[in-house]
Amino acid sequence: MERAIQNPPPGFDELTVNEQIEYVQALWERIAAREEEVPVPEWHSAVLERRLAEYEAAPDAGRSWEEVEADLRASLATRR
């Protein structure tokens with residue numbers, strides 16, 4: 001039986017936004033440390049299967065991270 005959890009926990013609203021973000025990140029890190037217990041939604045698995053099939057059908061169709069990163073950095077540099 002799941003227990004009701006007060007949302008947000010006491011004192012959360014008194015934290016600064018940065019402190020709230022740090023709190024949530026710390027919570028997620030605690031959850032992610034037990035990755036075998038984290039449920040994976042079926043639609044996540046479906047997306048991964050579709051993307052793997054697309055890659056296997058055309059493995060050279062994509063670009064490397066280095067190429068994408070270089071393009072992003074160049075694009076951001078022109079906006080300054």
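Here are some short exercises on this structure, each with a worked solution.

Before you start, keep in mind that this is a predicted model, where local features need pLDDT of at least 70, side-chain atom pairs count only at pLDDT 80 or more, and totals for chains, interfaces and linings use all residues. Residues are numbered from 1 along each chain as its sequence is written, and side-chain values use heavy atoms, with hydrogens and water left out.

**Exercise 1. The aromatic pair**

Find out which kind of aromatic pair Phe12 and Tyr23 make, and which parts it ties together.

Step 1. Start with the rule: rings of Phe, Tyr and Trp (its six-membered ring) pair if their centres lie within 6.5 Å; planes under 30 degrees apart are stacked, over 60 edge-to-face, and the rest tilted. The structure holds one such pair.

Step 2. Now check the geometry. The ring centres of Phe12 and Tyr23 are 5.5 Å apart and the planes sit at 65°, so this pair is edge-to-face.

Step 3. Next, place the partners. Tyr23 belongs to helix H1, residues 17–32 (helices are DSSP runs of H or I with at least four residues, numbered from the N terminus). Phe12 lies in the segment before H1, so the pair ties together parts that are eleven residues apart in sequence. From C-alpha to C-alpha, Phe12 and Tyr23 are 8.7 Å apart in space.

**Exercise 2. Around Phe12**

Work out whether Phe12 is buried or exposed, then list what Phe12 touches.

Step 1. Take the cut-offs: buried means under 20% relative accessible area, exposed over 50%, and partly exposed in between (1.4 Å probe, protein chains only). With 15%, Phe12 is buried, while Tyr23 at 34% is partly exposed.

Step 2. Look at the contacts (heavy atoms within 4.5 Å). Leaving aside residues up to four places away in sequence, Phe12 touches Gln20, Tyr23 and Val24.

Step 3. Follow one of those neighbours. Gln20 is in helix H1 and is buried, at 18%. With the same sequence neighbours left out, Gln20 touches Phe12, Asp13 and Leu15.

**Exercise 3. A patch on the surface**

Say which residues form a nonpolar patch with Tyr23.

Step 1. Patch members have over 30% relative accessible area and no salt bridge; like charges are joined within 9 Å, and nonpolar side chains (Val, Leu, Ile, Met, Phe, Trp, Tyr) within 5 Å.

Step 2. Val24 and Leu27 join Tyr23 here, and together the three have about 250 Å² of accessible area, computed by the Shrake-Rupley method with a 1.4 Å probe, where only the protein chains shown count as cover.

**Exercise 4. Salt bridges**

How many salt bridges are there, and how exposed are the partners in the bridge between Glu37 and Arg34?

Step 1. The rule asks for a side-chain nitrogen of Lys or Arg within 4 Å of a carboxyl oxygen of Asp or Glu. That gives four salt bridges.

Step 2. In one of them, Glu37 pairs with Arg34, with the closest N and O atoms 3.4 Å apart. Glu37 is exposed at 52%, whereas Arg34 is partly exposed at 40%.

Step 3. Another links Asp71 and Arg63 at 2.4 Å, N to O. Both ends are partly exposed: Asp71 at 40% and Arg63 at 49%.

Step 4. Glu69 and Arg73 also meet in a salt bridge, at 3.1 Å, N to O. These two are four residues apart in helix H3 (residues 65–78), so about one helical turn separates them. Glu69 is partly exposed at 25%, and Arg73 is exposed at 57%.
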